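User: Please take a close look at one part of this chain. I would like to know what surrounds it and how it fits into the whole.

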Amino acid sequence: LFGALVLGALAGTAVLYAMTLAAPGAVDAMLVALPGIAPPMVDQARTLVADGAPASIALVGPGTPLKVYTYAWATGPAAPLALAAAVVLNRITRILPTLLLLWAVGWVAPGSLRRHDRLVLVAYAAFYVAAYAVYWP
């Protein structure tokens, strides 16, 4: 499933990258119209990806969305292969640690999780909401 997630991220990035090359102003307006994305976030993303290094967006946990980095990359370094590598690194560093933690909990306590499935779902949802509430700009 993680591979499908990475492929989906690559596909979405490719579409947004092409849209940005075709109409950068429209994509910028679309991004800043989204909740939680403001012009300062876009400017910070441009600064971060200015050197075109794929590791520049290998970040852990919630933060600036990948779509903002994709836009910044397309209007900055504009190297599609380096962006693809950056997307893979970003998904590995941002999502894989959480997946590994959840896998470990499932491996250690499968019976307990099955017995308390509703509580697990509520705890997962609460953690998700809390994490984004803390990191929401």
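Analyst: Start with Ser56. Outside the residues up to four places away in sequence, Ser56 touches Leu48, Val49, Asp51 and Trp73. The model is a predicted one. Ser56 sits in the loop between H3 and H4. Is Ser56 buried or exposed? Ser56 has a relative accessible area of 13%. The limit for buried is under 20%, so Ser56 counts as buried.

Two of the residues that Ser56 touches, Val49 and Trp73, lead to the core. Val49 and Trp73 are among the residues with the most contacts inside the largest nonpolar core. The others named there are Ile37, Ile57 and Val68. This core has 22 residues. Which helices supply at least two residues each? They are H1 (2-22), H2 (24-33), H3, H4 (66-75) and H5. H4 gives the largest share, 7 residues.

H4 therefore deserves its own paragraph. Of its 10 residues, 8 are buried, so H4 is largely enclosed by the rest of the structure. The buried ones are Leu66, Val68, Tyr69, Thr70, Tyr71, Ala72, Trp73 and Ala74. What covers them? The cover includes H1, H2, H3 and H5.

Two residues of H4 show this cover in detail. Take Val68. Not counting residues up to four places away in sequence, Val68 touches Leu31, Ile37, Met41, Val42 and Ala45. Now take Thr70, which also lies in H4. Its relative accessible area is 1%, so Thr70 is buried. With neighbours within four places in sequence left aside, Thr70 is in contact with Thr13, Leu16, Tyr17 and Leu83. Thr13, Leu16 and Tyr17 fall within the range of H1 (2-22). Leu83 falls within the range of H5 (80-94).

Return to the loop between H3 and H4. Thr64 is found there. Thr64 is buried, with a relative accessible area of 15%. Which residues does Thr64 touch, leaving out those up to four places away in sequence? They are Met41, Tyr69 and Arg94. Met41 is also touched by Val68. Tyr69 is one of the buried residues of H4.

Ala50 is in this loop as well. Is Ala50 buried or exposed? Ala50 has 55% relative accessibility. The exposed class begins over 50%, so Ala50 counts as exposed.

H3 (residues 39-49) carries a charged pair. Side chains of opposite charge can pair when their charged atoms come close. Here Arg46 and Asp43 meet in a salt bridge, at 3.5 Å from N to O. Arg46 and Asp43 are 3 residues apart in H3, about one turn of the helix. How exposed are the two partners? Arg46 is partly exposed at 31% relative accessibility. Asp43 is partly exposed too, with a relative accessible area of 43%. A search of the whole structure finds 1 salt bridge.

Next, follow Arg94, a contact of Thr64. Arg94 belongs to H5 and takes part in the contact of H5 with H6. Two packed helices are described by the angle between their axes and the distance between the axes. H5 (residues 80-94) and H6 (residues 96-108) pack at about 35°, with axes 4 Å apart. H5 contributes Arg91, Ile92, Thr93 and Arg94 to the contact. H6 contributes Leu96, Pro97 and Thr98. By type, the residues of this contact are 3 nonpolar, 2 polar and 2 charged.

Now step back to the whole chain. How many helices and strands are there? The chain has 8 helices and 0 strands. Its pattern along the sequence is α-α-α-α-α-α-α-α. The C-alpha trace spans about 50 × 30 × 20 Å along its principal axes.

Two distances place the loop within that span. Ser56 and Ser112 are 40 Å apart, C-alpha to C-alpha, and 56 residues apart in sequence. Ala50 and Arg114 are 64 residues apart along the chain, with 47 Å between their C-alpha atoms.

Contacts and surface complete the picture. Take the contacts between residues at least 6 apart in sequence: 71% of them join residues at least 24 apart. Buried residues make up 25% of the 137 residues. The chain exposes about 8,300 Å², and carbon and sulfur atoms supply 74% of that area.

Note on methods
Residues are numbered from 1 along each chain as its sequence is written. This is a predicted model: local features need pLDDT of at least 70, side-chain atom pairs count only at pLDDT 80 or more; totals for chains, interfaces and linings use all residues. Side-chain values use heavy atoms; hydrogens and water are left out. Axes are lines fitted to C-alpha atoms, for helices over the stretch in contact, and angles run from 0 to 180 degrees between N-to-C directions. Contact means heavy atoms within 4.5 Å. Ala, Val, Leu, Ile, Met, Phe, Trp, Tyr, Cys and Pro count as nonpolar, Asp, Glu, Lys and Arg as charged, and the others, Gly among them, as polar. A salt bridge is a side-chain nitrogen of Lys or Arg within 4 Å of a carboxyl oxygen of Asp or Glu. Buried means under 20% relative accessible area, exposed over 50%, partly exposed in between (1.4 Å probe, protein chains only). A nonpolar core is a set of buried Ala, Val, Leu, Ile, Met, Phe, Trp, Tyr and Cys residues joined through side-chain atoms within 4.5 Å. Accessible areas come from the Shrake-Rupley method with a 1.4 Å probe; for residues, only the protein chains shown count as cover.
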